[in-house]
Amino acid sequence: MIVRPEQSGNYFIWGLGNTTDWYGDGYLFATGDPARAGIATGNWSTEQETRGSANLDRGVWKTLTYTLDAGSTTARLYLDGVKIAENADTTTAPGAIGNGTTTANYLGRSNYTPDKRLAGSLRDFRVYDRALTADQVAALVATDQERV
């Protein structure tokens, strides 16, 4: 993904879940200010996030990967194949969102309708039925030649 320099305000890189009226109501998400991803059973106050310490760089291709194994309580966030954050207290499983049903699944858009859309591009988006290992995450990162 690439986030353009003019990106501002609240935005999601992706939001998979549900929306009630104007707000998110159970979702998986990722954003870049700071780099973070997480899961929520309701609105923002229920988010169990895995948060990096810095904003995503603007104007350059990055690979952001979030892993959460339904059989574990540990979520991890990777940037370009390197773990930047971990949350060992993630108690919500993806299947708990909307009792297993989601109707507001977006790339480049938030589950909160007032939020800004992503000013940028997504090159590759994947969902797996398991958490990837650190080696598998590292293998997803495009080389500099592939990014060009």
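**Exercise 1. Which side chain meets that of glutamate 6 in a salt bridge, and what is the N to O distance?**

Solution. The model is predicted.
- Step 1: find the partner. The side chain of glutamate 6 meets that of arginine 4.
- Step 2: read the distance. N to O is 2.6 Å.
- Step 3: apply the cut-off. A salt bridge needs a side-chain nitrogen of Lys or Arg within 4 Å of a carboxyl oxygen of Asp or Glu. The pair of glutamate 6 and arginine 4 therefore counts as a salt bridge.
- Step 4: check exposure. Glutamate 6 has a relative accessible area of 48%, so glutamate 6 is partly exposed. Arginine 4, at 39%, is partly exposed.

**Exercise 2. Sort lysine 62 and aspartate 57 by exposure, and describe the contact between them.**

Solution.
- Step 1: take the contact. Lysine 62 and aspartate 57 form a salt bridge, with their closest N and O atoms 3.9 Å apart.
- Step 2: recall the cut-offs. Buried means under 20% relative accessible area, and exposed means over 50%.
- Step 3: place lysine 62. Its relative accessible area is 16%, so lysine 62 is buried.
- Step 4: place aspartate 57. At 46%, aspartate 57 is partly exposed.

**Exercise 3. Place the salt bridge of aspartate 124 and arginine 126 among the salt bridges of the model.**

Solution.
- Step 1: describe the pair. The side chains of aspartate 124 and arginine 126 meet at 2.9 Å, N to O.
- Step 2: check exposure. Aspartate 124 is partly exposed at 42% relative accessibility. Arginine 126 is partly exposed too, with a relative accessible area of 47%.
- Step 3: take the total. The count comes to eleven salt bridges.
- Step 4: look for a network. Salt bridges link Arg36, Glu47, Glu49 and Arg51.

**Exercise 4. Describe the largest pocket: its volume, centre and lining.**

Solution.
- Step 1: take the volume. The largest pocket has about 880 Å³.
- Step 2: go to the centre. The lining has 30 residues, and those closest to the centre are Thr65, Tyr66, Phe125, Arg126 and Val127.
- Step 3: assign elements. β2 (14-20) and β6 (64-68) each give two or more residues to the lining. β6 gives the most, with five.
- Step 4: sort by class. The lining has 19 nonpolar, eight charged and three polar residues.

**Exercise 5. Is valine 127 buried or exposed, and which surface patch includes it?**

Solution.
- Step 1: locate valine 127. It lies in the loop between β10 (120-121) and α1 (134-139).
- Step 2: apply the cut-off. Exposed means over 50% relative accessible area. Valine 127 has 62% relative accessibility, so valine 127 counts as exposed.
- Step 3: name the patch. Leu107, Leu122, Phe125 and Val127 form a nonpolar surface patch. Together they have about 350 Å² of accessible area.
- Step 4: link patch and pocket. Phe125 and Val127 belong to the patch, and both are among the residues closest to the centre of the largest pocket.

**Exercise 6. Describe the second largest pocket, then follow asparagine 10 in its lining.**

Solution.
- Step 1: take the volume. The second largest pocket has about 230 Å³.
- Step 2: sort by class. Four nonpolar, four charged and three polar residues line it.
- Step 3: name members. The lining residues include Asn10, Trp44, Arg36 and Glu47. Arg36 and Glu47 also belong to the salt-bridge network.
- Step 4: locate asparagine 10. It sits in the loop between β1 (2-3) and β2.
- Step 5: check exposure. At 56% relative accessibility, asparagine 10 counts as exposed.
- Step 6: span the chain. Asparagine 10 and asparagine 43 are 33 residues apart along the chain, and their C-alpha atoms are separated by 15 Å.

Definitions and conventions
Residues numbered from 1 in each chain as written. Predicted model: local features only at pLDDT ≥ 70, side-chain atom pairs only at ≥ 80, totals over all residues. Heavy atoms only, no water. Patch = residues over 30% accessible without salt bridge, like charges linked within 9 Å, V, L, I, M, F, W, Y side chains within 5 Å. Areas by Shrake-Rupley, 256 points an atom, 1.4 Å probe, with all protein chains shown as cover. Helix = DSSP H or I, 4+ residues; strand = E, 2+ residues; numbered from the N terminus. Buried < 20%, exposed > 50% of the residue type's maximum accessible area, 1.4 Å probe, protein only. 1 Å grid on protein atoms, 1.4 Å probe; cavity = no way out; pocket = protein on both sides within 12 Å on 5 of 7 lines; lining within 4 Å. Points joined across faces, edges and corners; volume = space filled by probe spheres on them. Nonpolar A, V, L, I, M, F, W, Y, C, P; charged D, E, K, R; others polar.
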